[in-house]
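Trainee: Could you take me through the pockets of this model in close detail? I would like to know what lines them and where they sit.

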Amino acid sequence: MSLKPISVVNSMSYEDFISLFGNVIEHCSLCAAAVWRDRPFSDVNSLHKSFCQFTDQLPIGGKEGILRLHPDLAGRLAMSGGLTNESTKEQQSAGLNTLTDQEKKTMHHLNQQYKQKFGFPFVICARENKKEAILTGLERRLNNSGETEAVTGVEEVKKICRLRLLDIVDSSSKL
């Protein structure tokens, strides 16, 4: 797919916008639906800012809902090929497809502990981390409070969103 200039993004119908941007926040086309009304965007940064503002204004329950839409890192969906294309590439870039048997066991155990404690999966921007940092971060973040972790998780979602937007929109394109 070729990168879209911001002028093309701004002229998209609601349906086309949702189709293109509906997964920049994992499985949450509602975010794209809300952001569409903020057009015109001056560039990819203003588009990202709109997504961030939408997620920031959500109550804690809404933030947790966004996190619940994310898959476990190196989890069942990854093993069965059931991730979105974006998540598959992101997890591969972090080396999560090359975990040793012991690392898989550790990841699964920590993921289970995390979900049991917080009620949503651990989210980290895999493209900005490698498997060792992800395992360390997962273990460390288990010590956070629920509210801290919801906010931290959404900050990671915003990083993921930015990188996904840069995969779609020409960053040199301006209005």
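Mentor: Happy to; here is a walk through the two pockets, beginning with the largest. Please keep in mind that this is a predicted model.

The largest pocket holds about 240 Å³ of space. Its lining is made up of Met1, Leu20, Asn23, Val24, Asn85, Glu86, Lys89, Glu90, Arg127, Arg164, Asp167 and Ile168. If you sort these residues of the largest pocket by class, six are charged, four are nonpolar and two are polar. Helix 7, which spans residues 85-93, gives the largest share of this lining, with four residues.

Where does the largest pocket lie with respect to domain 1 and domain 2? Domain 1 covers 6-58 and domain 2 covers 65-164, and both give residues to the lining, so the largest pocket lies between the two domains.

Now for the second largest pocket, where about 180 Å³ of space is found. Its lining counts 14 residues, and those nearest the centre are His70, Pro71, Asp72, Arg76 and Leu77. By class, the lining of the second largest pocket splits into five nonpolar, five polar and four charged residues.

To put the two side by side for your notes:

- Largest pocket: about 240 Å³, with six charged, four nonpolar and two polar lining residues.
- Second largest pocket: about 180 Å³, with four charged, five nonpolar and five polar lining residues.

Conventions:
Residues numbered from 1 in each chain as written. Predicted model: local features only at pLDDT ≥ 70, side-chain atom pairs only at ≥ 80, totals over all residues. Heavy atoms only, no water. 1 Å grid on protein atoms, 1.4 Å probe; cavity = no way out; pocket = protein on both sides within 12 Å on 5 of 7 lines; lining within 4 Å. Points joined across faces, edges and corners; volume = space filled by probe spheres on them. Helix = DSSP H or I, 4+ residues; strand = E, 2+ residues; numbered from the N terminus. Nonpolar A, V, L, I, M, F, W, Y, C, P; charged D, E, K, R; others polar. Domains from an automatic or database assignment.
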